[in-house]
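Reader: I'd like a close look at one part of this protein. Could you take me through the greasy side of things, on the outside and then further in?

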Amino acid sequence: MTMIHKNEGLRAWLLSEDFTSPRQARAHKAYVAWLRFSSNPLAFGGLLVVVLLVVAALLAPWVATHDPLAQDFALALQPPSAEHWFGTDELGRDVFSRLVYGARTTLYITILVTVIVGPIGFVIGAAAGYLGGWVDTVLMRVTDIFLAFPSLVLALAFSAALGAGIENAVIAIALTIWPPVARLVRAETLTFRKADFVVAAELQGASTQRILLRYIVPLCAPSVIIRLTLNMASIILTAAGLGFLGLGAQPPLPEWGAMAAQGRQYLLDAWWLTAVPGLAILVVSLAFNLLGDGLRDILDPKHA
């Protein structure tokens, strides 16, 4: 009973408007944002799926029931059972274990592409929006060239030119994902470029770098975070497409797209080889989309 009263008191304090310090104000804002996010069941479900994916990837040696690379031809193409939850593939490898370890590959590609794309989009978009003139024209025309091609087709072209492999797939995907981010940052920068606080900083002699880092980037960050979260679904689908075509992760490394490709010739007799990794790609991509929608509801002031 005492704990209940304490929780009710904390909730009442956080929801009150009488704050005496910036720390209390930030705690109130974060708590209210969490309440809004958790009240959205789809977004909360997406978060749970993403958390499960991360946990499975981090704890793969303990979550997996078998060695993902161990082959046993006597167990080839076994259907799902108590011993092999998602069956075995044509080489007798446990599909569930390969799916768990494949989560590591998927997260590695997704996080690495996001880390590369975020700064590139910020720099190009902010520079084009704030500096304007010929800088804006040149940077946006380059962006238009990349946007003129479908992202998957462009990623296939870059992967074919660079060669197969995870690192080359990351580069290829990053080269196709940054243009929408740059466009978004440019639009946000144009909105704030003539704001009073930016003009005041210019009159005080602040450098362009300081204005961009101190004022423009923090204001653009919420929209970019939302965009990058939504982009993660596209990254996963593109990486799976490259793996399906043999341009991503190379055997015997487990990767969901490659697993689906290897099982297509056994589709009628061993449906689980393609269905299981395909379902994993679908669920995780949908989860990132739902998570991005939830973040937009709490971070974007237009949806407040």
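Author: Here is a walk from a surface patch to a pocket, and then to a single buried residue. Keep in mind that this is a predicted model.

Let's start outside. V51, V54, V55, L58, L59, W62 and V63 make up a nonpolar patch on the surface, and together they have about 640 Å² of accessible area. Two helices, α3 (41-58) and α4 (60-63), each put at least two residues into the patch. Of the contributors, α3 gives the most, with four residues. Take L58, which is part of helix α3. Is L58 buried or exposed? Its relative accessibility is 59%, so L58 counts as exposed, given that the cut-off for exposed is over 50%.

Helix α3 also turns up in the pocket story. The largest pocket holds about 370 Å³ of space. It is lined by 16 residues, and those closest to its centre are L53, L99, W256, A280 and V284. The elements that supply two or more lining residues are α3, α5 (95-131) and α12 (272-299). Here α12 gives the most, with five residues.

For contrast with L58, have a look at T189, which sits in helix α8 (residues 166-192). Its relative accessible area is 0%, and T189 is therefore buried, as anything under 20% is. What does T189 touch, leaving out residues up to four places away in sequence? Its contacts are G125, A126, G129, Y130, I216 and C220.

Methods:
Residues numbered from 1 in each chain as written. Predicted model: local features only at pLDDT ≥ 70, side-chain atom pairs only at ≥ 80, totals over all residues. Heavy atoms only, no water. Patch = residues over 30% accessible without salt bridge, like charges linked within 9 Å, V, L, I, M, F, W, Y side chains within 5 Å. Areas by Shrake-Rupley, 256 points an atom, 1.4 Å probe, with all protein chains shown as cover. Salt bridge = Lys/Arg side-chain N within 4 Å of Asp/Glu carboxyl O. Buried < 20%, exposed > 50% of the residue type's maximum accessible area, 1.4 Å probe, protein only. Contact = heavy atoms within 4.5 Å. 1 Å grid on protein atoms, 1.4 Å probe; cavity = no way out; pocket = protein on both sides within 12 Å on 5 of 7 lines; lining within 4 Å. Points joined across faces, edges and corners; volume = space filled by probe spheres on them.
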